[in-house]
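Please work through the following exercises with the sequence and the model at hand. Each task is followed by a solution in steps.

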Amino acid sequence: MEKQPLPGDVNHTTESQLDGDAVEENQEGSSEATRVGWNSKLEYFLAQVGFSVGLGNVWRFPYLCHQNGGGAFLLLYVVLMLVVGIPLFFLELAAGQAIRQGSIGVWRSISPRLAGIGYSSCVVCFFVALYYNVILSWSIFYLGNSFQYPLPWETCPKEGNITVKECEESSPTSYFWYRKALDITDSIDETGSFNPYMVCCLLAAWTIVCLGMFKGIKTSVKVMYFSSIFPYVVLFCFLVRGLLLEGASEGIAYMFYPKLEIWADVQVWRQAATQVFFALGLGFGSVIAYSSYNPKNNNCHRDAFTVSAINFLTSVLATLVVFAVLGFRANQKVNDCISSNLHKIKLQILTGKVDNGLIPTLDFLHPSSVTLKDYNTWFNENENSFPGNLTACDLEKELQKGAEGTGLAFIAFTEAMSLLPGSPFWSALFFLMLLNLGLSTMFGTMEGILAPLTDRFKTLANNKTKFTIFSCVVGFLLGLPFTQRCGNYFVLMFDDYSATLPLIIVVMFETFSVSWLYGADRFLTDIEAMLGWRPSVIYKYLWKYICLFAMLGLLGATVIQMFIKPPTYLAWSRDEATEKYLNYPGWALALLALLIIFAMTPVPVALIHTVLKSRLKKTSRDAEMGQYSIVNSSDMTELDLNNGTAGAPS
C-alpha cells in the first residue's frame, strides 16, 4: 500500500534548516513523491525487534553477564539502558518519523554540513553486512550437516584404526569447527585457499537476503513474520527442555550469582555500555530508516520503551537457555572428570601404592553417586600426598569454556546438543534459529544502506530493485575473502573493531547535532507537534549532557583499552590442538586504522564540501551583482527630468 506524503513532509526541511543552501540541496536529492508505509503496527514492531534482537543477544550478552558479575551486571545494564540507551533510541525514532527520510536525509535536514553522518552510517552498515552474512553462511553449513545421525561432530574421525590426533587432543566439536567447517590456518598471516563449502554457503546467504529485500520492506516484512517470531518459539522450546536437564540449575545459579565488587572495574562499565549501544542498533541508520515509514502521529516514545524492553527480556531469556544447556554440558564434563579420577584412584589402591589412611571413603562402584563437593573436599585435602596424576573437577571452569561468540554457538552449545536424545532435531532447530536471527538483523542492516541512498539520489530510487540486487552482488564478492582459510580471523577483526569506534563517533555526532545545533527544546517541540503531547524535559538534559558525555567516556575508554592492551585475536594452533591469543600483525592494525578512517571520512568531507559550495555561490552572487552600476535616487530623478519623463504615465 502506497501512502501519500503526510502534511508538512515536503516543507519540513525548510523549517528545520540551519544552512541557507538546505532548500536547494533537498530539491536536488529529493526521493519519490510517495513513500511506502507499514501496512500495520505489527509489521513495524517485527522489523524493529527483528533488527535489534540478533546473534549478540544469544552469544555475547550471556557471556558478558557471566564474566562481569552476573546479577550485578544485569542491574548495571538496566541502569545504562534507561539513562543512555532508551533516550538515544527515542531520538533516532523521532528523527526518522518526523522527517520521513533515511539517515542521510535526516541529518541533511538539520544542516547539509552534517550529511556526512548519514553517509558514515551507510559505510559502517556495509562493513557489518560483509562479515555478518559470513556468520549466516556458517549457520547454513551447520544446518545442512544437522540432518545426519549421528551428527558429524559427535565423535572424532579415524585414519585407518587411529583417531585423528588433533581431534583426540581437543574435542570432536572443536575439531569439526576448526578443521572441517573452516579448515582454519594457524594465524591471520597464513592466508590459505578459499573454502568451497563456505563460498557456496555465502552465496546462499546473500541470495536469501536479496530475495527478501528486492522489493523493499514489502517483501522483507513478509519474511520477518517468520524470521522474527520463530527464534522465540525455539528459545522457549530450549528453555523448557534445558530446565529438565541435570545440571541446569547449577548453570543458572552460576549465571546470576551477583558479584557487586565488579562495579569498581571501569572496563565492566565500558562493556555494559557497549552492549547497550549495539543491542539497540544505534548509529546504523536502520532504526531511522524503519521509523521513517511510520505515520507522523505514531507514538514513537512508547515504541522506544517497548522495543528496548523486548530486547532486554530476549537477552535474559537467551541467557537462561544458554546457561541451562551449558550447565547440563558442564555437569556431564564434571561427572566424567570424577569418574576418570575415581578409576585412577581405584587402580592405585589395587596395585597397593596407597596407604590405608589415604583411601577415600567414596563409592568407587557407583561414580555417578559421588557428588562434586565430596570429591573436591577429598581432593583438596590429599592432592599433594596421593600418588598418581589426579585433577580437580571445577564446574565453573567448565561453564567458562567456549562461552563467548562463535565458540559458544559452534563449539560449546553444539557439544551440549550432541549429548541430548534426538540430537539432530535440536541441532537443526538451533541453527535454523541462528539463521533467522541473523536474517532479520541483515534486513535491517541492508535497509540502513538502501533507504538513505535511495532517498538521496533519485536515480537509485527509480531503480531500487536493480540497486538492491547490485548491492547484494557486491556484498558477496567483497565477502569472499572471509571464506578463505584465515577468514574467521577477519570476521573477528571486523566484529571487534571496524564497527565499534565509528558507530560510537556517529552516535556522538547525532546527539550533538540534535541537542546543541538543532536545539533540544526545538526538537521536543517538533515531537510535541507530532504526538500531540510534549515529552518530559528530562530528555533535554539526558541528550545534552548525560548521553553525550557517556559517548565521550565510552569512546575514550575504548581507545585507552586499545592502547593499554594491544588488539588480539583467538587463533587455533593445529599442532597444539588448542586456542591461543595472538597479537594482530602490523599490516592488520594498519588495515583496522584504514577501515575506521574510511568509515569516518564522509563526516569532514561533507562539511568541507558544503562550506566550499556555499562560499563559491556567495562569490558568484557577488560577482553577478558587480556587473550592475548602482544609481542613487537623486541621480535618477535628475536624469528623468532632463529626458522629460518625470511624471509620465507608466
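The exercises below go from the whole chain to single residues and helix pairs.

The model is predicted, so that local features need pLDDT of at least 70 and side-chain atom pairs count only at pLDDT 80 or more, while totals for chains, interfaces and linings use all residues. Residues are numbered from 1 along each chain as its sequence is written, and side-chain values use heavy atoms, with hydrogens and water left out.

**Exercise 1. Overall composition**

Task: State how many helices and strands the protein has, and what percentage of its residues is buried.

Solution.
Step 1. Helices (H or I, at least four residues) and strands (E, at least two) are taken as DSSP runs, numbered from the N terminus. The protein has 29 helices and 6 strands.
Step 2. Buried means under 20% relative accessible area, exposed over 50%, and partly exposed in between (1.4 Å probe, protein chains only). Of the 650 residues, 55% are buried.
Step 3. A contact means heavy atoms within 4.5 Å. Among contacts with a separation of 6 or more, 82% involve residues 24 or more positions apart.

**Exercise 2. The annotated binding site**

Task: Determine which residues UniProt lists for "binding site", and describe the surroundings of N311 and L437.

Solution.
Step 1. The unreviewed UniProt entry lists G50, V53, N57, N311 and L437 under this feature. These residues are spread over 388 residues of sequence, yet they cluster in space, with a largest C-alpha distance of 12.5 Å. UniProt positions are given in the numbering used here, feature names are shortened, and annotations may be inferred rather than shown by experiment.
Step 2. N311 belongs to helix α17 (residues 300–350). Its relative accessible area is 0%, and N311 is therefore buried. Residues up to four places away in sequence aside, N311 touches S52, V53, N57, Y77 and A279.
Step 3. A polar atom of the N311 side chain lies 3.1 Å from the backbone oxygen of S52. A polar contact is a pair of N or O atoms within 3.5 Å; within protein, one must be able to donate a hydrogen and the other to accept it, and residues adjacent in sequence count only if both atoms are side-chain atoms.
Step 4. L437 belongs to helix α21 (residues 423–456). Its relative accessibility is 5%, so L437 counts as buried. Without its neighbours within four places in sequence, L437 is in contact with G50, V53, G54, L55, V58, S227 and P231.

**Exercise 3. Two helix pairs**

Task: Classify the packing of α7 with α21 and of α24 with α25.

Solution.
Step 1. Two packed helices are described by the angle between their axes and the distance between the axes. Axes are lines fitted to C-alpha atoms, for helices over the stretch in contact, and angles run from 0 to 180 degrees between N-to-C directions. Angles under 35 degrees count as roughly parallel, over 145 as roughly antiparallel, 65 to 115 as roughly perpendicular and the rest as oblique.
Step 2. The axes of α7 (residues 103–110) and α21 cross at roughly 55° and come within 6 Å. The two helices are therefore oblique to each other. S103, I104 and R108 of α7 make the contact with P452, L453 and R456 of α21. By class, the residues of this contact are 3 nonpolar, 1 polar and 2 charged. Ala, Val, Leu, Ile, Met, Phe, Trp, Tyr, Cys and Pro count as nonpolar, Asp, Glu, Lys and Arg as charged, and the others, Gly among them, as polar.
Step 3. For α24 (residues 487–498) and α25 (residues 500–531), the angle is about 25° and the axes are 5 Å apart. This pair is therefore roughly parallel. In α24, D495, D496, Y497 and S498 meet T500, L501 and P502 of α25. The contact of α24 with α25 has 3 nonpolar, 2 polar and 2 charged residues.

**Exercise 4. Helix α10 and the residue after it**

Task: Explain why α10 is described as largely enclosed, and give the phi of D183.

Solution.
Step 1. In α10 (residues 172–181), 8 of the 10 residues are buried, so this helix is largely enclosed by the rest of the structure. Y175, F176 and W177 are among the buried residues.
Step 2. D183, in the loop between α10 and α11 (196–213), has a positive phi near 45° and is not a glycine. With a relative accessible area of 29%, D183 is partly exposed.
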